[in-house]
Amino acid sequence: MKNDGFTFRKRLRSFRYAFNGIRLLVTKEHNAWIHCFAAVCVVAAGFLLDISQTEWIAVVVVIGAVLALEAVNSALEAIANFVSPEYSEAIKRTKDLAAGAILLMAIAAAVVGGGIIFFPKLAALF
């Protein structure tokens with residue numbers, strides 16, 4: 001890939017490609033829909049339970065991490081399917097590892113949001 005140097009036009013174009021990637025993620029990737037639904041629920045709960053600024057930072061970071069990892073996994077799956085349309089044990093292993101990474105991040109997000117931030121606030125209500 002040739003590097004023709006920095007221009008603002010190229011940087012703006014790169015943002016257009018990035019926003020298209022986000023659009024593809026939220027419109028075409030079914031697992032991302034689940035993560036987006038969970039994110040909307042968590043944000044609503046954050047407002048209802050009046051979480052602190054620090055708690056908001058944690059929530060935003062873990063939501064961003066889960067969605068970013070879902071995008072990376074989707075990109076990896078797309079390129080793997082392109083490179084090897086037939087079954088390949090190596091491609092399966094690669095896809096499984098990437099899916100496992102998302103699961104680990106989703107579990108971490110659930111621990112941060114559900115266990116550390118929201119559970120104590122909900123428990124205090126009862």
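Ile116 lies in helix α4 of this predicted model. With a relative accessible area of 55%, Ile116 is exposed, because the cut-off for that class is over 50%. Although Ile116 and Glu55 are 61 residues apart in sequence, their C-alpha atoms are 9.3 Å apart in space. Glu55 itself is one of the buried residues of helix α3, and that helix deserves attention next.

Helix α3 runs from residue 53 to residue 83 and contains 31 residues. From its first C-alpha to its last it reaches 45 Å, which is close to the 45 Å expected at 1.5 Å a residue. Which residues of α3 are buried? They are Glu55, Trp56, Val59, Val62, Ile63, Val66, Glu70, Asn73, Ser74 and Ala80. An α-helix has 3.6 residues a turn, so residues three or four places apart point the same way. The buried residues of α3 pack against three other helices, namely α1 (8-28), α2 (30-48) and α4 (89-125).

Asn73 offers a single example from this helix. Is Asn73 buried or exposed? Its relative accessibility is 6%, and Asn73 therefore counts as buried, the limit being under 20%. Apart from neighbours within four places in sequence, Asn73 is in contact with Lys95, Ala98, Ala99 and Ile102.

A contrasting case is found in helix α1, where Ser14 is located. Ser14 has a relative accessible area of 30% and is partly exposed. Between the C-alpha atoms of Ser14 and Asn81, which are 67 residues apart along the chain, the separation is 25 Å.

The packing of α3 can now be considered in detail, beginning with its partner α2. The two helices α2 and α3 pack at an angle of about 175°, and their axes are 10 Å apart. They are therefore roughly antiparallel to each other, since angles over 145 degrees fall in that class. On the α2 side, the contact is made by Asn31, Ala32, His35, Cys36, Ala39, Val42, Val43, Gly46 and Phe47. On the α3 side, the contributors are Trp56, Val59, Ile63, Val66, Leu67 and Glu70. Divided by class, the residues of this contact are 11 nonpolar, 3 polar and 1 charged.

The arrangement of α1 and α2 may be described in the same terms. Here the packing angle is about 90°, with the axes 6 Å apart. This angle makes α1 roughly perpendicular to α2. Leu25, Val26, Thr27 and Lys28 in α1 meet His30, Ala32, Trp33 and Cys36 in α2. This contact of α1 with α2 comprises 5 nonpolar, 2 polar and 1 charged residues.

Finally, the nonpolar interior can be examined. Which residues make up the largest nonpolar core? It consists of 8 residues: Ala39, Leu49, Ile51, Trp56, Val59, Ile63, Ile117 and Phe118. Helices α3 and α4 each supply at least two residues of this core, and the largest share, 3 residues, comes from α3. Several core members have appeared already: Ala39 of α2 and Trp56, Val59 and Ile63 of α3 also take part in the contact between those two helices. Leu49, another member of the core, touches Phe118, Lys121, Leu122 and Leu125, when residues up to four places away in sequence are not counted.

Notes. Residues are numbered from 1 along each chain as its sequence is written. This is a predicted model: local features need pLDDT of at least 70, side-chain atom pairs count only at pLDDT 80 or more; totals for chains, interfaces and linings use all residues. Side-chain values use heavy atoms; hydrogens and water are left out. Helices (H or I, at least four residues) and strands (E, at least two) are DSSP runs, numbered from the N terminus. The expected span of a helix is 1.5 Å times one less than its number of residues. Buried means under 20% relative accessible area, exposed over 50%, partly exposed in between (1.4 Å probe, protein chains only). Contact means heavy atoms within 4.5 Å. A nonpolar core is a set of buried Ala, Val, Leu, Ile, Met, Phe, Trp, Tyr and Cys residues joined through side-chain atoms within 4.5 Å. Axes are lines fitted to C-alpha atoms, for helices over the stretch in contact, and angles run from 0 to 180 degrees between N-to-C directions. Angles under 35 degrees count as roughly parallel, over 145 as roughly antiparallel, 65 to 115 as roughly perpendicular and the rest as oblique. Ala, Val, Leu, Ile, Met, Phe, Trp, Tyr, Cys and Pro count as nonpolar, Asp, Glu, Lys and Arg as charged, and the others, Gly among them, as polar.
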